Amino acid sequence: MSTRSPHAAPAITEAASAEASPVSLCAREPQVPADRLVAEMVPPPRFDSVRFDTYIPDPNQPSQTDAVKVLSSFAEGLGGAHASGSGRRPALGRWFARKPAAPTGPRGVYLDGGYGVGKTHLLASLWHATPAEPALKAFGTFVELTNLVGALGFQQTVKTLGEHRLLCIDEFELDDPGDTVLVSSLLSRLVESGVALAATSNTLPGKLGEGRFAAADFLREIQGLSAHFRPLRIDGEDYRHRGLPEAPAPYSDDQVTKAAYATPGASLDDFPHLLDHLAKVHPSRYGALTDGLSAVCLTDVRPVPDQSTALRLVVLADRLYDREVPVLASGLPFDRLFSGEMLKGGYRKKYFRAISRLTALARDAKGLVEQ
């Protein structure tokens with residue numbers, strides 16, 4: 001492990017100094033207006049071109065083929081009129097329209113499965129396949145949805161999303177009591193407005209919060225959420241590691257620094273310093289924090305010190321993975337970021353997802369050193 005100060009700038013070799021300086025994430029403090037949060041509720045760049053016919057089911061996992069069929073049919077069923085009427089009514093029509101009857105059955109699908117079985121690919125394919133203009137469809141992670149409520153307020157979020165035909169929620173996980181109640185109330189209001197729901201998670205709807213909360217009121221909220229969804233199990237192993245080489249071992253500080261200076265649009269930060277900076281930036285801005293980056297270069301990667309820091313790192317890993325930003329690092333390998341206690345606790349699924357995604361991005365970054 002490096003003996004230099006956690007906040008010390010990486011050493012710059014003579015060869016590297018001749019190139020244009022990389023940016024520093026620690027120097028960025030983005031401000032994100034609420035209207036950008038709404039406009040960006042579309043599948044991330046990594047999933048721009050995915051469709052049902054680009055999903056390659058594992059022949060040994062029939063549930064993957066079944067999922068494609070079910071979701072394709074679900075998308076077709078969302079064509080035509082909005083569930084609360086014939087598309088977007090004129091303002092006067094909406095004023096006098098009768099309140100739509102609550103759906104009698106599940107108004108959504110819930111993709112349950114492990115890491116890397118293609119749940120986000122399928123969710124984005126559903127968004128693309130739904131016959132509605134993009135302005136009538138929303139796609140975001142669970143965290144981005146709660147951040148939207150924080151930015152717009154609950155009533156305005158209901159009004160904004162209530163005219164949509166479909167709301168896709170990726171990585172649906174309930175991390176605290178407030179989010180449990182908030183999302184339960186929001187989805188109930190949206191279902192009443194006729195919005196169809198689709199979500200991915202690593203936990204079945206009736207078991208959300210398991211290992212985190214035990215209070216009876218939380219369980220009641222969770223059961224209410226599960227009633228909105230038809231569970232769709234997707235079995236399989238992590239495709240990111242299926243038949244692929246192992247992730248490259250971490251590089252030296254000098255290799256990472258030299259690569260950062262030689263790669264236009266790359267960032268370069270000391271890992272402990274970056275973790276400190278993430279505490280000063282709201283997670284809703286982590287996407288903006290990575291705007292325009294071609295690669296993220298990190299020196300002195302070491303275990304995260306606490307759970308709050310770990311959860312912030314999970315959000316950053318998700319944003320980098322969505323945007324296909326390779327990550328080149330020195331120090332410890334990414335599978336040693338989280339302590340054994342963390343990997344056994346209530347947030348273990350988030351941590352394993354982060355490890356899987358960062359490993360994939362580290363593999364993508366291998367060419368930065370070899371070029």
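A salt bridge here is a side-chain nitrogen of Lys or Arg within 4 Å of a carboxyl oxygen of Asp or Glu. With that in hand, look at Glu 171, Asp 318, Arg 353 and Arg 357, which are linked in a network of such bridges. Please keep in mind that this is a predicted model.

Within the network, Asp 318 bridges to Arg 353, and their closest N and O atoms are 2.7 Å apart. Asp 318 sits in helix α13 and Arg 353 in helix α14, residues 348–364, so this pair ties together parts 35 residues apart in sequence. Both Asp 318 and Arg 353 are buried.

The structure has 11 salt bridges, and I will mention two others. Arg 319 pairs with Glu 144, with 3.9 Å between the closest N and O atoms. That pair connects helix α13, residues 307–322, with helix α6, residues 142–152, across 175 residues. Is each partner buried or exposed? Arg 319 is buried, at 4% relative accessible area, while Glu 144 is partly exposed, at 31%.

The other is Asp 235 with Arg 233, at 3.0 Å from N to O. Asp 235 is partly exposed at 30% relative accessibility, and Arg 233 is partly exposed at 45%.

Now the sheet. Three strands form an open sheet, ordered β6-β7-β8, with parallel pairing. Strands β6 and β8 are at the edges with a single partner strand each, so one side of each has no neighbour in the sheet. From one strand to the next, the twist averages 15°. Helix α11, residues 271–278, packs on the sheet and touches β6 and β7, its direction making about 110° with that of β7. Strands β7 and β8 are joined by 4 bridges, and Val 301 stands opposite Gly 331 in β8.

Conventions. Residues are numbered from 1 along each chain as its sequence is written. This is a predicted model: local features need pLDDT of at least 70, side-chain atom pairs count only at pLDDT 80 or more; totals for chains, interfaces and linings use all residues. Side-chain values use heavy atoms; hydrogens and water are left out. Two strands pair if DSSP finds at least two bridges between them. Helices (H or I, at least four residues) and strands (E, at least two) are DSSP runs, numbered from the N terminus. Axes are lines fitted to C-alpha atoms, for helices over the stretch in contact, and angles run from 0 to 180 degrees between N-to-C directions. Contact means heavy atoms within 4.5 Å. Buried means under 20% relative accessible area, exposed over 50%, partly exposed in between (1.4 Å probe, protein chains only).
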